Each structure stands twice: as C-alpha cells, then as structure tokens.
Amino acid sequence: MSDKNKGLGKAREIYLDSSRRPKDLRAAGKKIIGYPCVYVPLEMLTALDLVPYRTCGDIKEPVTEADRVLPHSFCPIMRNCLDCALKNKNNFLDGMVTIHSSDPQEKTARIWESYTHYPYFHFIDMPITVRPEALEYFKGQLNDFRKTLEAFTAKKLSTDNLETAIKSHNQQRVLVRKLYELTKTSPPRISGTEIVQVVKALTSLPVAEGNDLLTETISEVKNRSDGPDKKSARLLIWSSTLDDTDIMQVFEAKANVVMNESCGGVRAYRGEVKLTADPLEGLADYYLNEITCARTFRQATLGETRKDYARDLQSRFGYLGGTIKEWKINGVIMLLVRYCDPFAFEMPSLKDYLSSLGIPSTYIEYDYTTGALAPLRTRVEAFVETISQ
Amino acid sequence: MYFAGVDIGSTMTKVVLLDKAGNLLSFIKGPTGPEHRQLANEVMRQALEQASLQIDDISYIVATGYGRLNVPFADRQITELSCHARGVSILFPNARTAIDIGGQDAKCMRIDNGRLVNFVMNDKCAAGTGRFLEVTATTLGIKLEDMGDVSLKATKKIQISNLCTIFAQQEVVALLSRGEKLENILAGLHDALASRVAALARRLGIEPDLVLTGGVAKNIGMVEAVKQNLGCEIFVPEEPLLTGALGAAILAKETHMKAVRAGEALPTKSRRLEKATFFSQEYR
C-alpha cells in the first residue's frame, strides 16, 4: 500500500473524496468554481486565483432529484451531475461555469442556474465546428467570460497572470503525457484504474498542487515494483466519459487499458495552449481545435466527405492511429454512454478508420451506473477472447 | 480422461460431459432459477451420475454463461460467445454465422476456423430475447412450448409495432380485446422478434452456413420467422440449448490437450462439489 499523502496513494484518497481539498481551500478563503466539462478554459479561473473543481456526477448515486425537473431519457452524466447539485452536494461552490459542449449540457445549464444559488454562474456558448468564423465567435465568448469573471472577483484578468496560468496548465498537460509514457511498456507500469484516480485528482485540485502530485506520481511509478500484471490484450478505450474505477476494472480484469481516450483520461491533455499576443486567441484555438471530442464537427475538405473519405477519417481520427502504433494497442473498445448522440454517430466512421488500420474494435454501451455490470463484462471478455487467441 | 462444460445461463443451466475422443457422455438441462449461485454443484452431480463418473475423473472443467463465476470447481471461465461459436462449429463444421437467442441475450457470432472472430449482442434490455416470448406467452395464456406450432396456423400477419417487452404486451392485450385470433398474434410476435434479431445479425454481416441456437430455436415459429427475415437457410441443432456447454467442454478438452502437448502442468481447482460462496471473491 502506498503512502496516502503522496503520489498514487494521495490520488486514490482524492478520488474517493474529491471535494475535501476544495472545501479546505474554501475555509482558507479561496473561491471554488465548478465546471462539468473539460472544455471550460480553466486557465482563466486559475489566473484570477479561483480554484476550478470538476463537478462529476456520482456514478453510484441513484438519480432522483434531477428526475423531478428533467426527462429520463437523455445524457445520464448530465442528469447525474445536476442531480448531485440539486441534492446540495456541491454547496461548497462559489460559482459554476458550464459550456455548450453538448446539447444536454446547454439545456441543463438553465435548470442548474435557476434551481441552485451559487453567487456566480456563467454559460459559454461554444461553437460546434472548427471553421475560422467559429474560432472568432468562440474568442468573443471567452471575452464575455472574462467580463463576468472580472465583475465577480472585482479584479482585472491581466495578460501576465493569464500567461502564467497557461504555462502552469500546459505543464500539467506535459506531465500527464509523461505519465502516459509509462503505459507504453508491457506490462504497463501504471494501470488504467490508477490513471482514472490521478485524473480525477487533477480536476479536483488547484493546478500547482496537481502538478506536484503528477511529479510525485511519475517518479513513484518509474521506481515501483508493484505495477499491473501483464494481461492478454492492450486496449484503448474511446468514450465520452470513463471516470470510474469500477467501470475501468471491468476492462482491466482481462486486459491492460493503456489509453483512456475520454475526458476521464488523456483527452484534455493531448496538446498545449499556444502563447499568443492576446492569450484568449491561444485559448480559443486550443479548446476548439485541439481537444478531440466527438462533440466537434471536423471535415477534411468542405463538402467532399464521400470523395475523400480516407482523408476525412485521417483528419478526424489520425491522432488515434499514432497512439495505437506507439502504444502497441491491439484492440479498441468504443464505450458509449447511453443517449450520447455525438459519440454514437461518430462510431461508424471510427470503426471504418480502425478497420483500415487492421485494428479490431467493438462497441459497448453503459448508462453511467455501476448497477448491471455483468452484461458489460461478458462483452468485454468475449472481445478480449477474440483478439488474444 | 474426461472433460466438462458448465453453462449457467440466465434461464437454464446446462452441463455437458465428454470423453477423451470428444464423445458426448451425458448432458443435463435444468432451470437456473434464483438460486443459481448454489446450483452448479447439483447439476454437475446429476451429469456425473448419468455418466457413472466421479468428479475426480474430470481432467478439466470450463464454465460459461452469466453464472460462469459461480462454479467454484471450474478450472477456467470463458464467455458464452466463444463457447457457443466453438460448440456450433463442432456440430456444423461449415457454419460461419451463429445466432443464439437465450433468456436475456440475443447474440450473433461470426466463426472462422472454428473460432469466434466477431460478435454483436442486443442492448442491455430484454427486448428481442427469449424473455419477450415468455412474457407474452403468459399474457396470451399459452404454454411457451406451444407458441411455435400455434403460430404456424396463422391466416394473416399482424404487425406488432413495439418491440419493447412491456409495450408489446400492451399491444397484445389491445389486439386480444379487438378479437384478433391467437395464432395471428403469435405469428406477428415471432415476426417482430425475428426482425429485431435479423437487424442485429445484419450489423455483423451474415455468411452461410447460418446456425440458430438457444432456447428460442426450439420454437418452430421463430425458426421460420428468422428464415423469412434473413432470406436464407437456417440449421438448428437437435439440442439447441446445449451448444454453449458443448463448446465449453470442447474448449476444456483443447486447453488440457494443449498443456499436455506442451508438457505444462495446468492448474486446476479443487474437485469438491460445493456451493459457490460469494461472487466477487471467486472472480478476482
């Protein structure tokens, strides 16, 4: 058992009680701002000395309150997040920032705003495509975000502070990728389950503390002798959200998950924000263009999807091809969260892309509960059996 | 040298015993019931009795199905998908596609060189599975095993629009109160279920020969409906419930033989026929 006060042990503790540190910080006079999605530019919060805290749902919590105000058949993650908010589990927050990364999030934002009473609330209307006009629009949105933040904190968001914040968050991205370097070996030196705990900790801590945790973790993992066992397959999981260790263990019972391509894994950390004269420019570019989530529409050549399908696939999924090669991945699981339309509709193309690489893939669906895992387990095990014969 | 396959499905528990040459010595089918965690030892005991064998005679045991983790004396767990594929290919060497419709799952499997190469399964809900027929049989006041024969007497096809088990029930009740004939309703139900299974199979791609297994394959009305929906010949084993357990026993034999050839000692579990304790302890 590792030390609870540093590295992997600390990450596990934070994973199990993610609001403890924000609550302590609040007691010490800091302001805590919640956000439900990795598309919110955290640099702007950090630069104003606000502490960002990702308000995930609680996968083990049955949804009750949210069902009073919303229909059942939509994104279970947003339902769950809102449910926790309505049950006052987030009452240590001083504010909330939501973003139009998906429709359920946009719709939920209004309910969130009117049914909870945080001193600060802001909604960023993020465009859905990567076209140049969209980038301009998004920059304008970030400017509006700056204004409400400045009004709330009664401080100016200076270029210097923002640059410093960008550098810290960039450092976090570099460190997460360094951590993922340690899954390249066979067996990996760190499990997918442990990385879920680390990423959860990062999204529950101020950036500097997160970076310290990462530095400790990386050195601990490099020197450990109690790493994961070698399993019969090396998997990449592609999902909107895989942020729960019980779900991860369904995969890791039979395989090594060496890449978690979701916002509970590597997604928010794949690249870095460019330092531009107007820092908002670099931020807008990173969050719109560099984060690869199915919510964003990408097309290689305008109006030429059919003619240029291979190129189109490459422009949408090329980043996965590189990962599959470098990490020697021999199977991909497309893990759908029920009702997540953007990911469901992206699936046929991704399957085509993976087939073109000769990589077996399968899709399984879950509804963001840990209730009925047996059917999930059967599908995962059968897939691992087919690829490791 | 003997081998066993134990298939604990959501509805039925099956055991197959094979000898060294792969000959069938005995098999048992019984309802899984709510006590399935404690039943594996009982069905195994019956199968052994039938074959006049002792548990210590069994060289290797593979467990499969939803309850595969609840067989404390099994040496290895393999999913029912791999086991069905293996079992089907033993019975039908030319089989390239298998559809298994069980109590709570419908699975389509592609087979190559006798092995599972790809599969699709129904969503988590029980629509499109044997449960759908069970539930509607109750509503219609007809025995499950009579459904197929009665449905073949249909004079017209009724469209059942809703495939959700619960909603389809409501639709059936409405049809009954409209005075619709039982056989016509049954034919409609079979067609509805078959079209759903066909859609699943098409997602995977069908290559002949196609084999239909699982409890639902015992229903002649369903076999006909699947045939019509897919427009191809269908083979059904004599004992369509047993392919999973058969595959498990074959895989047990192959695992054992491979180890023998390689001169490796294969770890096996205690051969005591005891009740399973707790799920997660067995699993980790």
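This report walks through a predicted model of a complex, with most attention on chain B.

**Confidence and the chain contact**

The predictor gives the complex an ipTM of 0.81 and a pTM of 0.88. Chain B has an average pLDDT of 88, and 93% of its residues score at least 70. One stretch of chain B is weaker: over residues 279–284 the pLDDT is below 50. Beyond near neighbours in sequence, that stretch has seven contacts in the model.

The two chains touch. On one side are 11 residues of chain A, and on the other are 14 residues of chain B. Within chain A, helix 15 (residues 374–387) gives the most to this side, with eight residues. The chain A side is a mixture: four nonpolar, three polar and four charged residues.

**A five-strand sheet in chain B**

Chain B holds an open sheet of five strands in the order 3-2-1-4-5, and the pairing is mixed. Strand 3 (24–31) and strand 5 (76–77) of chain B each have a single partner strand, so they stand at the edges with one side lacking a neighbour in the sheet. Strand 4 (residues 58–64) and strand 5 of chain B run parallel, joined by two bridges. Across this pair, Ala63(B) stands opposite Gln77(B) of strand 5.

A helix packs on this sheet. Helix 8 (residues 243–262) of chain B touches strand 1 (2–8), strand 2 (12–19), strand 3, strand 4 and strand 5 of chain B. The direction of helix 8 makes about 140 degrees with that of strand 1 of chain B.

**Another sheet of five strands**

A further open sheet in chain B has the strand order 8-7-6-9-10 and mixed pairing. Its edge strands are strand 8 and strand 10 (234–235) of chain B, each pairing on one side only. What general kind of bonding pairs the strands of a sheet? Strands pair through backbone hydrogen bonds, and the pairing is either parallel or antiparallel.

This sheet shows both arrangements. The table sets out two of its strand pairs.

| Strand pair of chain B | Direction | Bridges | Facing residues |
|---|---|---|---|
| Strand 7 (residues 106–112) and strand 8 (residues 115–121) | antiparallel | six | Asp112(B) and Arg115(B) |
| Strand 9 (residues 210–213) and strand 10 | parallel | two | Leu210(B) and Ile234(B) |

Strand 7 and strand 8 of chain B form a hairpin, with two residues between them. In the turn, Asn113(B) has a positive phi of about 50 degrees.

**Helix 3 of chain B and two partners**

Helix 3 (residues 130–140) of chain B packs against helix 6 (residues 182–204) of chain B. Their axes come within 11 Å and cross at roughly 165 degrees. That angle is why helix 3 counts as roughly antiparallel to helix 6 of chain B. The crossing is right-handed. From helix 3, the contact uses Phe132(B), Leu133(B), Thr136(B) and Leu140(B). From helix 6, it uses Leu182(B), Ile185(B), Leu189(B) and Leu193(B). Seven of these contact residues are nonpolar, one is polar and none is charged.

How does helix 3 of chain B run relative to helix 5 of chain B, parallel or antiparallel? The axes of helix 3 and helix 5 (residues 165–177) of chain B come within 10 Å and cross at roughly 30 degrees. That makes the two helices of chain B roughly parallel. This crossing, too, is right-handed. Helix 3 brings Arg131(B), Phe132(B), Val135(B), Thr136(B), Thr139(B) and Leu140(B) to the contact. Helix 5 of chain B brings Thr165(B), Ala168(B), Gln169(B), Val172(B) and Val173(B). This contact divides into six nonpolar, four polar and one charged residue.

**Backbone exceptions**

Most residues other than glycine have a negative phi, and most peptide bonds are trans. Here are some exceptions.

The peptide bond from Ser186(A) to Pro187(A) is cis, with omega near 0 degrees. Pro187(A) lies in the loop between helix 8 (159–181) and helix 9 (192–202) of chain A.

In chain B, a cis peptide bond joins Pro208(B) and Asp209(B), with omega about -5 degrees. Asp209(B) sits in the loop between helix 6 and strand 9 of chain B.

Asn88(A) is not a glycine, yet its phi is positive, at about 65 degrees. Asn88(A) is in the loop between helix 5 (76–86) and strand 3 (95–99) of chain A.

Notes
Residues are numbered from 1 along each chain as its sequence is written. Chains are lettered from A and ligands numbered from 1 in the order in which they are written. This is a predicted model: local features need pLDDT of at least 70, side-chain atom pairs count only at pLDDT 80 or more; totals for chains, interfaces and linings use all residues. Axes are lines fitted to C-alpha atoms, for helices over the stretch in contact, and angles run from 0 to 180 degrees between N-to-C directions. Helices (H or I, at least four residues) and strands (E, at least two) are DSSP runs, numbered from the N terminus. Angles under 35 degrees count as roughly parallel, over 145 as roughly antiparallel, 65 to 115 as roughly perpendicular and the rest as oblique. A crossing is left-handed if the near helix is turned anticlockwise from the far one by less than a right angle, and right-handed if clockwise. Two residues are in contact if their C-beta atoms, placed from the backbone, lie within 7 Å. Ala, Val, Leu, Ile, Met, Phe, Trp, Tyr, Cys and Pro count as nonpolar, Asp, Glu, Lys and Arg as charged, and the others, Gly among them, as polar. pLDDT is the predictor's confidence in each residue, from 0 to 100. Two strands pair if DSSP finds at least two bridges between them.
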